[in-house]
Every structure is written in C-alpha cells, then in structure tokens.
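Me: I'm new to this one and would like a close look at a single part. Could you pick a spot where side chains of opposite charge might be worth checking, and walk me through it slowly?

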Amino acid sequence: APEFEDCRRVVRQSPEQAEPRLAAAVHTLNNTIQSVRGFISGLEPKVLNGREFKTALKSLALTSGDSPAHFQIDVDPAAANRLASAQATQLLHIAKEAMSNSLRHAQASTVTVSLRPVGGGVSLEIRADGVGFDPGAVGATGHGLRNMPARARDIGAELQIISTPGQGCRILITVPQRNPNEPD
C-alpha cells in the first residue's frame, strides 16, 4: 500500500514523523479489511458476477485470519467471464469453506485456488498441501464438507474430493457450460 511505502521512506529520513503516518496507514488498512469482511459476509445468491470472482477470492485470502498458510490465487479471466452470478456465488462459498478447512484441519502451509476453462464450462480447484484425510471415513459433519455437495448440485456442477492421509487434499468442482437462458 502507498501509505506503508511512505512510512518506510519517512522512517529512514525523518523517524519522528513515522508514528502518525503509520497510525494513519494502519487505520486505512483496518477499514479496508472491515469493508471486505462486510462484503463477503453479506454475499447472497446472484449478487456476485464472474468478473468479480478473482477479487472476491483474494478478499477471502486476506480476511482468513492470522494463519501461516499462504494462498495462491490463479483465476483465468476467460473462465471467470463464463460464470453466471449463481455459479460465481456458489463457487465462492465452496472456496471459502475449502480454504477455511485447509487452515483449521489440514494444517496446510500452501493453499492454491485456481479457476480454469474446461470444455464449454469451468473447473475450480482448491489444492492444500496439509495432512490430508480419508474422504470415505469422513462423516456427514466431518471437516465442514457437508455444504459443498449441495452447493455444487445447486449449479449443476460435479464435485470431487481427492485426499489421502499425509498427502494433502484436492477439491475439484467442474461447472458445465452456462445455460444461455439463465439470468445473470
């Protein structure tokens, strides 16, 4: 952020002026984080469009708490533009849950979220390098995965959870070609 770059310069040149500038920069950053959290928590179906998908994912990564995990966001713009509002919104909710699970349960140090074109549709992949688990042994409430299949079904997508204990986890959602009759 420009404010922090300014603080870095001021610390070197005029240290006595750094404190108020740093306080102002922290205030700006806190306000930004608060507004992003408000945006995410206020998401309702059909309010997010494909063009906003990458920004929303980055916001999720920024507001995921004081975790050591490192998020890598890789969104193909052509794939994002293929998403209808309902698809983009449900995929964001699935990504949010998967990212949260990666931090809380998988002890992941790197989580990669990517959106790619596939056939006429798109594929969203969340890959975590954590401890992994046996998907067959997870109960209906285990690992917070229970909402993902329902969200995928809502948009006609196929959901795969690929994980092995000690080998990390991949969650792959394949969304079919957009229905041209669906409102955006």
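Reply: Two strands pair if DSSP finds at least two bridges between them. Strands (E, at least two residues) and helices (H or I, at least four) are DSSP runs, numbered from the N terminus. This is a predicted model, where local features need pLDDT of at least 70 and side-chain atom pairs pLDDT 80 or more, while totals for chains, interfaces and linings use all residues. Residues are numbered from 1 along each chain as its sequence is written, and side-chain values use heavy atoms, without hydrogens or water.

Let's go to strand 5, starting with its partner. Strand 4 (residues 158-163) runs antiparallel to strand 5, and 6 bridges join them. To find one of these on screen, look for leucine 159, whose bridge partner in strand 5 is isoleucine 173. The two strands make a hairpin with 5 residues between them. In that turn sits glycine 166, with a positive phi of about 85°.

Now for the charges. Side chains of opposite charge can pair when their charged atoms come close. Here that gets a cut-off: a salt bridge needs a side-chain nitrogen of Lys or Arg within 4 Å of a carboxyl oxygen of Asp or Glu. By that rule, the model has 3 salt bridges.

Begin with glutamate 125 and arginine 127, which form a salt bridge whose closest N and O atoms are 3.1 Å apart. Glutamate 125 counts as buried, at 15% relative accessibility (buried is under 20% relative accessible area, exposed over 50%, partly exposed in between, using a 1.4 Å probe and protein chains only). Arginine 127 is partly exposed, at 42%.

Glutamate 125 also has a salt bridge with arginine 170, at 2.5 Å from N to O. That pair links distant parts of the chain: arginine 170 belongs to strand 5 (residues 169-175) and glutamate 125 to strand 3 (residues 121-128), 45 residues apart. Through shared partners, Glu125, Arg127 and Arg170 are joined by salt bridges into one network. As for cover, arginine 170 is partly exposed, with a relative accessible area of 26%.

Then there's the salt bridge between arginine 116 and aspartate 74, at 2.4 Å from N to O. Again, distant parts of the chain are linked: arginine 116 sits in strand 2 (residues 110-118) and aspartate 74 in strand 1 (residues 70-75), 42 residues apart. Both partners are partly exposed, with relative accessible areas of 35% for arginine 116 and 33% for aspartate 74.

So what ties these places together? Try serine 123, which lies in strand 3 and is buried, at 14% relative accessibility. Leaving aside neighbours within four places in sequence, serine 123 is in contact (heavy atoms within 4.5 Å) with Ser114, Leu115, Arg116, Val118, Leu172, Ile173 and Thr174. You've already met two of those names: Arg116 from the salt bridge with aspartate 74, and Ile173 from the bridge with leucine 159.

Zooming out, the protein has 6 helices and 5 strands, and from the N terminus on they run α-α-α-β-α-α-β-β-α-β-β. Of the 184 residues, 39% are buried. Among contacts with a separation of 6 or more, 66% come from residues 24 or more positions apart.
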